[in-house]
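Colleague: I would like to go through this model with you, starting with a pair of charged side chains. Please put it up and I will ask as we go.

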Amino acid sequence: MAPLIQKKPPTSAVQEEAEERSVSEAAALSPKLIYEVIRREGRDELNRTNRSLIWSGISAGMLISLSVLGEAIFRTYLPDAGWRFLLENLGYSLGFIAVIMGRMQLFTENTITTVLPLMQERSLNILCRLMRLWAVVLGANVIGAFAAAALFIYTPAIPAEVLPAIISLSEHATGMPAAEGFWRAIPAGVIVALIVWMLPEADEAAFFLILTFTWLIAAGDFTHIVAGSVEMAALILHGGLGLGQAIFGFFLPVLVGNIIGGTLIFTLVAWGQVRDDVEDS
């Protein structure tokens with residue numbers, strides 16, 4: 001007698017749908033989907049009012065000062081050992097964690113977020129809105145940076161023993177030659193743009209993603225225009241840096257370097273890998 005062959009029951013449509021949903025949730029986001037997430041966020045940012053951008057940008061400029069303060073606290077209280085440099089740079093990440101996870105307007109994030117809509121829709125209208133947003137956010141970030149620096153310099157808000165470390169950090173950040181500040185700003189621009197690109201896929205790991213890569217900016221001695229503006233402002237208000245040197249020796253070279261790193265290098269490369277998929281869809 002031939003053995004009975006048990007047939008596998010047919011998979012129901014509900015089961016197939018559940019399996020497909022599980023696969024979709026487990027699969028990593030494709031570059032096209034990451035691009036689309038960031039592009040839509042950038043489009044929403046371009047549509048925000050000046051008032052909203054100003055207040056968000058000022059908040060970001062103030063809270064990014066936590067990077068300078070955190071690093072200064074580590075430097076003040078850790079023993080003067082060879083490993084201190086690597087550990088104290090963890091303090092630099094604090095301001096970026098607060099600003100990025102708090103969804104505030106940081107200029108260097110916008111070197112990729114708001115540029116991607118322009119890559120897809122190349123129009124004078126988008127370009128003008130991009131320039132408006134850049135100008136408003138950068139100006140607001142600097143205002144917030146000066147407000148935080150004034151708190152450090154003119155009030156007893158921080159312990160007196162921490163202030164020398166803030167001044168020392170500020171002198172180092174703004175004291176390098178303009179050309180060196182420019183070149184060191186390019187990797188910082190790339191790293192911040194990379195953080196923005198990876199965040200849609202990060203989920204619960206977002207905190208550690210920001211912590212790791214902003215630590216790399218500090219440990220690599222790269223220059224960042226907004227965090228650096230806090231150091232620049234602190235040194236100006238303390239009387240150790242002239243306005244001309246601050247603008248032409250630090251601010252403008254670092255600004256251009258961050259833009260080149262975030263926009264001309266990372267954003268164009270990111271756009272290149274998704275361009276065919278986006279334009280064919």
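Colleague: Before anything else, what is the N to O distance in the salt bridge between the side chains of Arg103 and Glu41?

Modeller: Keep in mind that this is a predicted model. The side chains of Arg103 and Glu41 meet in a salt bridge, and a nitrogen within 4 Å of a carboxyl oxygen is enough to count as one. The N to O distance for Arg103 and Glu41 is 2.8 Å.

Colleague: How many residues apart in sequence are the parts that this pair ties together?

Modeller: Arg103 lies in the loop between H6 and H7, while Glu41 is in helix H2. The pair therefore ties together parts of the chain whose separation in sequence is 62 residues.

Colleague: Is Arg103 buried or exposed?

Modeller: The cut-off for exposed is over 50% relative accessible area. Arg103 has 54% relative accessibility. Its partner Glu41, at 24%, counts as partly exposed. Arg103 therefore counts as exposed.

Colleague: Which helix holds both Glu36 and Arg39?

Modeller: The side chains of Glu36 and Arg39 meet in a salt bridge with an N to O distance of 2.8 Å. Arg39 counts as buried because its relative accessibility is 14%. Glu36 and Arg39 are three residues apart, about one turn, and both lie in helix H2.

Colleague: What separates Glu88 and Arg84 in helix H5?

Modeller: The side chains of Glu88 and Arg84 meet in a salt bridge at 3.5 Å, N to O. Both residues are buried. Because they are four residues apart in helix H5, what separates them is about one helical turn.

Colleague: Which residues are joined into one network by salt bridges that share partners?

Modeller: A search of the whole structure finds nine salt bridges. Some of them share partners, and the network joined in this way is made of Glu36, Arg39 and Arg40.

Colleague: Turning to the loop between H6 and helix H7, how far apart in space are Glu109 and Ala193, C-alpha to C-alpha?

Modeller: Glu109 lies in that loop and counts as buried because its relative accessibility is 12%. Leaving aside neighbours within four places in sequence, its contacts are Ile100, Met104, Val192 and Val196. Glu109 and Ala193 are 84 residues apart in sequence, but their C-alpha atoms are separated by 6.2 Å.

Colleague: Which helix gives the largest share of the largest nonpolar core?

Modeller: The core has 71 residues, and those with the most contacts inside it are Ile64, Phe96, Phe107, Ile166, Trp197, Ile225 and Phe251. The largest share of this core is 12 residues, and these come from helix H9.

Colleague: What does Trp197 touch, not counting residues up to four places away in sequence?

Modeller: Trp197 is one of the residues with the most contacts inside the core. Outside its sequence neighbourhood, Trp197 touches Pro31, Ile34, Tyr35, Ile38, Ile112, Leu116, Phe266, Ala270 and Gln273.

Colleague: Why is H13 largely enclosed by the rest of the structure?

Modeller: H13 covers residues 225-238 and reaches 19 Å from its first C-alpha to its last, close to the 20 Å expected. Its buried residues include Ile225, Glu231 and Met232. H13 is largely enclosed because its buried residues number 12 of the 14.

Colleague: Which helices are included in what covers the buried residues of H12?

Modeller: H12 has 14 residues and reaches 20 Å. Its buried residues are Ala206, Leu209, Ile210, Thr214, Ile217, Ala218 and Ala219. What covers them includes helix H5, helix H6 and helix H11.

Colleague: Which residues form a nonpolar patch on the surface with about 390 Å² of accessible area together?

Modeller: One member, Ile247, is found in helix H14 and is partly exposed, because its relative accessible area is 33%. Thr263 lies in the same helix, H14, but counts as buried at 10%. The patch is formed by Leu243, Ile247, Phe248 and Leu252.

Colleague: Finally, what percentage of the residues of the chain count as buried?

Modeller: The secondary structure comes to 14 helices and zero strands. The accessible surface is about 14200 Å², of which 65% belongs to carbon and sulfur atoms. Of the 281 residues, the part that counts as buried is 45%.

Note on methods. Residues numbered from 1 in each chain as written. Predicted model: local features only at pLDDT ≥ 70, side-chain atom pairs only at ≥ 80, totals over all residues. Heavy atoms only, no water. Helix = DSSP H or I, 4+ residues; strand = E, 2+ residues; numbered from the N terminus. Expected span 1.5 Å × (residues − 1). Buried < 20%, exposed > 50% of the residue type's maximum accessible area, 1.4 Å probe, protein only. Contact = heavy atoms within 4.5 Å. Patch = residues over 30% accessible without salt bridge, like charges linked within 9 Å, V, L, I, M, F, W, Y side chains within 5 Å. Areas by Shrake-Rupley, 256 points an atom, 1.4 Å probe, with all protein chains shown as cover. Core = buried A, V, L, I, M, F, W, Y, C linked by side-chain atoms within 4.5 Å.
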